[in-house]
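Colleague: Please take one part of this model and examine it closely. I should prefer a connected account to a list.

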Amino acid sequence: ALAAAQGEFIAFLNHDDQCDPRRSIVQLEFLHAHREIAAVGTQIAHIDAAGAHLRDINLPHDSLGIRWFALMDCPIRQSALMLRRTAFPSEQPRYDESVVFNSDYEFVSRMVRSLPCANLPERLTQYRKHSNNTSRVRFDLFVESGAKISQREINLTFPQFSHWTLDDVLELRAIVIGYLPAGFSRDLKTVARATDRFLDLQEAWSSLHSHQSDLPHPINPLV
């Protein structure tokens, strides 16, 4: 579908999610007013299979916060995404077809590395949580693939952490975000290791962006 898109803007919405009727016009108005922004998302609410509210998910608003968040998880949710096709001058925006799980995280993390993006403060998208979600049916594969993307993004941003193994990143995401692999033990040693890694990551980020006044956006549990 992306390869066939010809319009200036492309909006996404998964088949089992829903959005506020105002979402498209609010995002279009934002992108028209901010020509430098390549893509924009919204804040998210989780709903159950019947549409009842479960909880709110808060995502960073600005490009720097989004890039920080992308080190650990997808910072713009696919069902909330609207992108400016012309911001990709060399080719159509493309998902990596080899990525089966977390394909949105893989795509968005690549995009935010080089293009300025934003999330609106309005909560205009509802993500439906149900027993048939891929993230639940194949949870272990979902968690592992997300950790591989996170490991890639951390290594690209901070080569000094390239010695971190996939298990190290799995532990990190389990403690910081809440993605718990099968058999994961939340013992004190594991928590201490993951906490130390997160603090190292936060310190490296703050040092890299010492000219910025804002601290990194807190990473909330998103499961």
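Modeller: A5 lies in the segment before β1, where helices (H or I, at least four residues) and strands (E, at least two) are DSSP runs numbered from the N terminus. The model is a predicted one, in which local features need pLDDT of at least 70 and side-chain atom pairs count only at pLDDT 80 or more, while totals for chains, interfaces and linings use all residues. Residues are numbered from 1 along each chain as its sequence is written, and side-chain values use heavy atoms, with hydrogens and water left out.

A5 has a relative accessibility of 15% and counts as buried, a term for residues under 20% relative accessible area, with exposed meaning over 50% and partly exposed the range in between (1.4 Å probe, protein chains only). Although A5 and R85 are separated by 80 residues in sequence, their C-alpha atoms are 8.4 Å apart in space.

The segment before β1 also contains E8, whose side chain meets that of R35 in a salt bridge of 3.8 Å, N to O. This pair links distant parts of the chain, 27 residues apart: E8 precedes β1 (9-11), and R35 is in the loop between α1 (23-33) and β3 (39-47). A salt bridge here is a side-chain nitrogen of Lys or Arg within 4 Å of a carboxyl oxygen of Asp or Glu, and the count by this rule comes to 14. R35 is exposed at 55% relative accessibility, whereas E8 is partly exposed at 33%.

Other salt bridges join buried partners. R77 and D73 meet at 3.5 Å, N to O; R77 is buried with a relative accessible area of 18%, and D73 is buried at 2%. For E171 and R197, the closest N and O atoms are 3.2 Å apart. This pair too connects distant parts of the chain, helix α6 (residues 166-176) holding E171 and helix α7 (residues 188-208) holding R197, 26 residues apart. E171 is buried at 14%, as is R197 at 12%.

Helix α6 also packs on helix α5 (residues 139-157), at an angle of about 105° and with the axes 9 Å apart; axes are lines fitted to C-alpha atoms, for helices over the stretch in contact, and angles run from 0 to 180 degrees between N-to-C directions. The two helices, α5 and α6, are therefore roughly perpendicular, since angles of 65 to 115 degrees count as such, with those under 35 roughly parallel, those over 145 roughly antiparallel and the rest oblique. V143, E144, G146, A147, K148, S150, Q151 and I154 of α5 make the contact with L166, V169, L170, L172 and R173 of α6, contact meaning heavy atoms within 4.5 Å. Seven of the residues in this contact are nonpolar, three polar and three charged; Ala, Val, Leu, Ile, Met, Phe, Trp, Tyr, Cys and Pro count as nonpolar, Asp, Glu, Lys and Arg as charged, and the others, Gly among them, as polar.

R173 of α6 is buried, with a relative accessible area of 2%. Apart from its neighbours within four places in sequence, R173 touches M72, D73, Y105, V143, G146, A147, S150, G178 and Y179. Y105 is one of the buried residues of helix α3 (residues 103-114), alongside E106, F107, V108, S109, M111 and V112. These buried residues of α3 are covered by elements including β3, α2 (63-69), β5 (82-84), β6 (117-128), α5 and α6. E106 also belongs to a network of salt bridges with R110, R113, R152 and E153.
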